[in-house]
Amino acid sequence: MALSLLVVSISFYLKEYISPDSDLYATLSLVSVAGVVVMVIAFSLGLGAMPWIIMSEILPINIKGLAGSFATLANWFFSWLVTLTANLLLVWSSGGTFTIYTAVCVFTTGFVAIWVPETKGKTLEEIQQFFR
């Protein structure tokens with residue numbers, strides 16, 4: 001996701017210095033669209049499913065309902081926030097908007113690598129020991 005968003009942001013930055021009548025301008029437009037499509041596909045295959053997988057694997061039974069509700073609320077709230085601010089950011093700077101999104105993806109990758117435990121082949125009790 002971060003790489004595709006980086007490609008989109010670079011395309012928008014380069015388009016500022018190229019004439020709209022140029023063939024390169026049209027090519028950069030196609031690269032931008034392709035980058036967004038790749039990001040959506042990568043999101044669907046990876047980060048988009050992560051909250052639901054984490055909820056099902058690491059939450060103990062006694063708090064699964066409450067914690068799952070809170071996680072779902074947070075997921076939809078941040079989705080709404082991104083949707084709300086996207087147009088405002090794009091008016092400000094298209095390249096800057098996608099640069100911010102790239103930085104958020106890089107931060108998220110680091111966060112997941114450091115703080116989200118590997119659960120493959122572990123019991124719920126072993127996973128819970130990780131958080132103690």
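This report describes helix 4, the annotated spans and selected residues of a predicted model.

## Annotated spans

An unreviewed UniProt entry lists residues 1–120 under "domain: Major facilitator superfamily (MFS) profile". In the model, this span is 81% helix and 0% strand, and its end C-alpha atoms lie 24 Å apart.

The unreviewed UniProt entry also gives residues 24–54, 66–92 and 98–116 as "transmembrane region". Over residues 66–92 the chain is 100% helix and 0% strand, with 39 Å between the end C-alpha atoms. Residues 98–116 are 95% helix and 0% strand, and here the end C-alpha atoms are 25 Å apart.

## Geometry of helix 4

Helix 4 comprises residues 64–92. How far apart are the end C-alpha atoms of helix 4, and what span should its 29 residues have? The end C-alpha atoms are separated by 41 Å, which agrees with the 42 Å expected at 1.5 Å a residue. Helix 4 also bends, by about 35°, at Ala86.

## Surface of helix 4

A nonpolar patch on the surface is formed by Phe77, Phe78, Trp80, Leu81 and Leu84. Together these residues have about 510 Å² of accessible area. Phe78 is placed in helix 4, as is Trp80. In general, an α-helix has 3.6 residues a turn, so residues three or four places apart point the same way.

Trp80 has a relative accessibility of 49% and therefore counts as partly exposed, since that class lies between 20% and 50%. Its C-alpha atom is 21 Å from that of Ile54, and the two residues are 26 apart in sequence.

Val82 is another residue located in helix 4. Its relative accessible area is 44%, so Val82 is partly exposed. Between the C-alpha atoms of Val82 and Phe130 the separation is 32 Å, and these residues stand 48 apart along the chain.

## Helix 6 and Gln129

Helix 6 covers residues 124–130 and includes Gln129. Is Gln129 buried or exposed? With a relative accessible area of 51%, Gln129 is exposed, because the cut-off for that class is over 50%.

Gln129 and Pro117 are 12 residues apart along the chain, and their C-alpha atoms are separated by 11 Å.

Technical notes. Residues numbered from 1 in each chain as written. Predicted model: local features only at pLDDT ≥ 70, side-chain atom pairs only at ≥ 80, totals over all residues. Heavy atoms only, no water. Patch = residues over 30% accessible without salt bridge, like charges linked within 9 Å, V, L, I, M, F, W, Y side chains within 5 Å. Areas by Shrake-Rupley, 256 points an atom, 1.4 Å probe, with all protein chains shown as cover. Salt bridge = Lys/Arg side-chain N within 4 Å of Asp/Glu carboxyl O. Helix = DSSP H or I, 4+ residues; strand = E, 2+ residues; numbered from the N terminus. Expected span 1.5 Å × (residues − 1). Bend = angle between axes of the 7 residues up to and from the residue. UniProt positions renumbered as here; feature names shortened; annotations may be inferred. Buried < 20%, exposed > 50% of the residue type's maximum accessible area, 1.4 Å probe, protein only.
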